[in-house]
Amino acid sequence: MKTYLLPLCGSLLGGAVTFWMFAVLFTTPVTQAFPKVLFPLALAAAASFALARLAPRKWKLLAVAVALPTLLLAALLLIALWTEGRSDWRWALVAGAVLAVCMVSGWLARAKNESSERA
């Protein structure tokens, strides 16, 4: 697979994760959303890990590519809420959580690649 296609695949996988996560967050109460959101977060982590294993030198770019749809949708929601005069920082926390999960799993894939190359 060409390495320039990996960020595109990451964005597509991130879009699926974003759709699923925001569907859960919009349809369930906040107190019951935590267990249901773990699976989309795990899917984002797995996508970031798999893509970073394919191209370990570009792990940061690939992790951000997976998290980018969530970051953009959360930013749009925050802007829409601010134009209405309301603020809800939970959407920023959702975006931060997805970005953190993707970055950590990408870093773990890079570390695993480095350790397997040394052995």
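At 51% relative accessibility, Trp89 counts as exposed, because exposed residues are those over 50% relative accessible area. The structure discussed here is a predicted model. This briefing follows the aromatic rings, then the packing of helix H1 with helix H4, and lastly helix H2.

**Trp89 and its partner**
- Trp89 pairs with Trp82, the ring centres being 5.8 Å apart.
- The planes of these two rings stand at 65 degrees, so the pair is edge-to-face; the cut-off for this class is over 60 degrees.
- Trp82 is partly exposed, because its relative accessible area of 46% falls between the limits of 20% and 50%.

**Aromatic pairs and the ring cluster**
- The model contains five aromatic pairs.
- One of them joins Phe22 and Trp91, whose ring centres are 5.3 Å apart and whose planes differ by 20 degrees, making the pair stacked.
- This pair connects distant parts of the chain, for Phe22 belongs to helix H1 and Trp91 to helix H4, 69 residues apart.
- Are Phe22 and Trp91 buried or exposed? Phe22 has a relative accessible area of 4% and is buried; Trp91, at 11%, is buried as well. Both verdicts follow because buried means under 20%.
- Ring pairs also bring in Phe26, giving a cluster of Phe22, Phe26 and Trp91.

**How H1 meets H4**
- The axes of H1 and H4 lie 13 Å apart, and the two helices pack at an angle of about 145 degrees.
- The crossing of H1 past H4 is right-handed.
- On the H1 side the contacts involve Met21, Phe22, Leu25 and Phe26, and on the H4 side Trp91, Val94 and Val98.
- The cluster residues Phe22, Phe26 and Trp91 therefore appear among the residues where H1 and H4 meet.

**Helix H2**
- Helix H2 covers residues 30-54, which is 25 residues.
- How far apart should its ends be at 1.5 Å a residue? The expected span is 36 Å, because the rise is multiplied by one less than the number of residues; the end C-alpha atoms are 36 Å apart, in agreement.
- H2 has a kink of about 40 degrees at Lys36, shortly before the proline Pro40.
- Its buried residues include Ala33, Val37, Pro40, Leu41, Ala44, Ala45 and Ser48.
- Several of these positions are three or four places apart in the numbering, among them Ala33, Val37, Pro40 and Ala44.
- In an α-helix there are 3.6 residues a turn, so residues with such spacing point the same way.
- The buried residues of H2 pack against three helices: H1 (6-27), H3 (59-83) and H4 (90-118).

Technical notes:
Residues are numbered from 1 along each chain as its sequence is written. This is a predicted model: local features need pLDDT of at least 70, side-chain atom pairs count only at pLDDT 80 or more; totals for chains, interfaces and linings use all residues. Side-chain values use heavy atoms; hydrogens and water are left out. The bend at a residue is the angle between axes fitted to the seven residues ending there and the seven starting there. Buried means under 20% relative accessible area, exposed over 50%, partly exposed in between (1.4 Å probe, protein chains only). Contact means heavy atoms within 4.5 Å. Rings of Phe, Tyr and Trp (its six-membered ring) pair if their centres lie within 6.5 Å; planes under 30 degrees apart count as stacked, over 60 as edge-to-face and the rest as tilted. Axes are lines fitted to C-alpha atoms, for helices over the stretch in contact, and angles run from 0 to 180 degrees between N-to-C directions. A crossing is left-handed if the near helix is turned anticlockwise from the far one by less than a right angle, and right-handed if clockwise.
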